[in-house]
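Please open the model in a viewer and keep the selection panel at hand. The tour below proceeds stop by stop, stating what to select and what is found there.

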Amino acid sequence: MSDNRRPGVPDGLDSLIMKIAVCVKQVPEATGQRKIDPSSKRLDRSGEGALNQYDVNAVEEALRIKEANGDQGEVVLISLGPESALDAMRKGLAMGADRAVLVSDAAAAGSDLVATSYALAQALARESADLILFGQQSNDSDGALLWAAVADRLKLPVISQAAELTIAGGKARAKRQTEFGYDVVEATLPAVVAVSDAINEPRYPSLKGIMGAKKKPQDILSLADIGAETGRAGEAGSRTEVLTLNAPPSRGSSQKIEDDGSAAEQILAFLVERKLV
Amino acid sequence: MDFTFDPDLEEIRTGVRDLCSKFPGEYWRALEPSTYPSEFVDALTQDGWLAALIPEQYGGAGLTMTAASVIMEEINASGCNSGACHAQMYTMGTILRHGSDEQKQHYLPKIASGELRLQAFGVTEPTAGSDTTKISTFAEKRADGSWLVNGQKIWTSRAEHSDLMLLLARTTPADQVEKRTDGISTFIVDMKAALTAGTMTIRPIKTLMNHATTEVFLDGVELPAEALVGVEGQGFKAILGGMNAERILIAAECIGDSRWFIEKAAAYSNEREVFGRKIGANQGVQFPIARAYAAMEAANLMRYKAAWLYEQGQAHGSEANMAKLLASEASWAAANACLDTHGGFGFAEEYDIERKFRETRLYSVAPVSNNLVLAFLGQNVLGMPRSY
């Protein structure tokens, strides 16, 4: 952590006071059917929105770090989206985050990964957070790339799929899930960390949290407010173009076996017939 | 009428659902037949849900009756049971409305934080059921202003899980008062002290459902002068306001139960196939569910009206009672439709239907019998002769 951001704070204490930015996204309710708007080729977001579940893990992790530091520091939520995204962000505030910053601008609509990472990086640059947390992916588009793009733009180290995170001595140390176990990765702060859902069991907001969330600062900023060029955001700033969209292919015919005691033999016969065993 | 979607209420619903998701059917089944859901109640208390109606100045959330009722509704709609703790939300209302400043300062913050549980309400007696003025538990005023209480209460729910009891006792014998509602006083009883002194005995009563109800024996319970809540002899009126709040909240619980039953029944009727088609295609299955839904929606309107009147400080007694009547009838219709739809499976514990069925049955009888609600409407609203 650079000393110039914490003037007047004694050295020892400085390592404890952190500003943590958590990038969050409003996604359609997991229970609802996902629909694509054929004209815009974008996800239809008209229904109920919710905070992306992986981001809830990221908010939880940020709050735990803050609480472990004697509740000192700040947790700020950052998002890019329509104004209604503030409703989902309020859940993060209700959990305990201190304030929310939503970049919402008609010119930012339809941003792809490149354009989104640009706008988010611009917003994050204003905050100069010591730690930037992401959920590893959103459960609407499941890209799992945004944190890498944002880290690249901010020229910060990045750790992905963190299943455990420790902050000490100006460093982030994370256990990174791999196919065969864990990598332990360390990065000097400020850094970007994308957390997996294995990292914690998120709290649910208390009634006081929900009531208090309304009173917390919630800023809606335009692209101009964050110093972003309109031409680099939204569709104009996107480098990818969706050409066509199709529903997932049907799974084909399936055979349902009711277990009357012979299910195992029937499954075996099915596999043998197809020379799979 | 304004039926605009209220985002604040929706946030409360989501919050309660999130909490309740940690207490699924398995949790409740494991408590049967008579274990108190301490973990569930602790979680609700810790997160401030049961302090919804306590003003902010005393550490509560200071929510409206509508919002408080939404909490109860959502608990029951999530498959959980508010009956274990709803009284912690409203019993304090008597202290809030009739207590002295000292009593409010002393008790309300501790009730809000959960440090003190006030969820036992000693009213009913073995020989005085709905006819509350016939209670014989007597509090005798002693020379130093303190009180000596003797008597017995029954159907005092959660007494074993409460630190305080709001107690209704005669302080003037019935034959010495002008109106039989006079001469009854309300007290706040430190149950732990009385139990330690051996002057109070609590005996659990096993019931149809897991409700932690008891009978309480008061054998020379000593209460300090400051245990009196409100004006001596005017306790009956003091508790009436609280009873109406209770009825609105319980109506909301019944709405929650109805939602749970109807959702479950409709889903199963769309899934289960018998005789080569979904059972929901049979009007004999479909119509009772649809009828229960209509009854629930109608009851819900009365529940919101009663809550609104309460919030406006207007007379709401008959609406609170009608809401409880209609909502308990709707939840019972929904419970039966759900059980019928599931056939034999509805009786199996693992579906939770039989448990919810038993739980919602209570509300046709308690906290006031539906027949007494009808009698109240007939006599007090419609001016017909007293029927009892």
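Select α4 and α5 of chain A: the crossing of these two helices is right-handed (a crossing is right-handed if the near helix is turned clockwise from the far one by less than a right angle, and left-handed if anticlockwise). The model is predicted; local features need pLDDT of at least 70 and side-chain atom pairs pLDDT 80 or more, whereas totals for chains, interfaces and linings use all residues. Residues are numbered from 1 along each chain as its sequence is written, chains are lettered from A and ligands numbered from 1 in the order in which they are written, and side-chain values use heavy atoms, without hydrogens and water.

Helix α4(A) spans residues 113-127 and α5(A) residues 146-154; their axes are 9 Å apart and the packing angle is about 55°. Axes are lines fitted to C-alpha atoms, for helices over the stretch in contact, and angles run from 0 to 180 degrees between N-to-C directions. Helices (H or I, at least four residues) and strands (E, at least two) are DSSP runs numbered from the N terminus. The pair α4(A) and α5(A) is therefore oblique; angles under 35 degrees count as roughly parallel, over 145 as roughly antiparallel, 65 to 115 as roughly perpendicular and the rest as oblique.

Now display the side chains of this pair. Those of α4(A) in the contact include Leu113(A), Tyr118(A) and Leu124(A), and those of α5(A) include Val150(A) and Arg153(A), contact meaning heavy atoms within 4.5 Å. The contact of α4(A) with α5(A) comprises eleven nonpolar, two polar and one charged residue. Here Ala, Val, Leu, Ile, Met, Phe, Trp, Tyr, Cys and Pro count as nonpolar, Asp, Glu, Lys and Arg as charged, and the others, Gly among them, as polar.

Next, select Ala106(A), in the loop between β7 (99-103) and α4 of chain A. Ala106(A) is exposed, at 73% relative accessible area (buried means under 20%, exposed over 50%, partly exposed in between, with a 1.4 Å probe and protein chains only). Its C-alpha lies 8.1 Å from that of Gly234(A), although 128 residues separate the two in sequence.

Which residues touch the most other members of the largest nonpolar core? Select Val22(A), Leu133(A), Ile12(B), Phe40(B) and Ile71(B), which do so among its 133 residues. Such a core is a set of buried Ala, Val, Leu, Ile, Met, Phe, Trp, Tyr and Cys residues joined through side-chain atoms within 4.5 Å. Helix α9 of chain B (residues 235-269) supplies the largest share of this core, 15 residues.

Stay with α9(B) and add α12(B), residues 353-361: their axes come within 11 Å and cross at roughly 150°. That makes the two helices, α9(B) and α12(B), roughly antiparallel. The crossing of α9(B) and α12(B) is left-handed. Among the residues in contact are Trp260(B) and Phe261(B) of α9(B) and Phe357(B) of α12(B).

The last stops concern the backbone. Select Glu32(B) and Pro33(B), joined by a cis peptide bond with omega near 0°; Pro33(B) sits in the loop between α2 (25-31) and α3 (38-46) of chain B. Another cis bond, also with omega near 0°, runs from Ala366(B) to Pro367(B). Finally, select Trp155(B) in strand β3 (residues 147-157) of chain B. Trp155(B) is not a glycine, yet its phi is positive, about 60°; Trp155(B) is partly exposed, with a relative accessible area of 48%.
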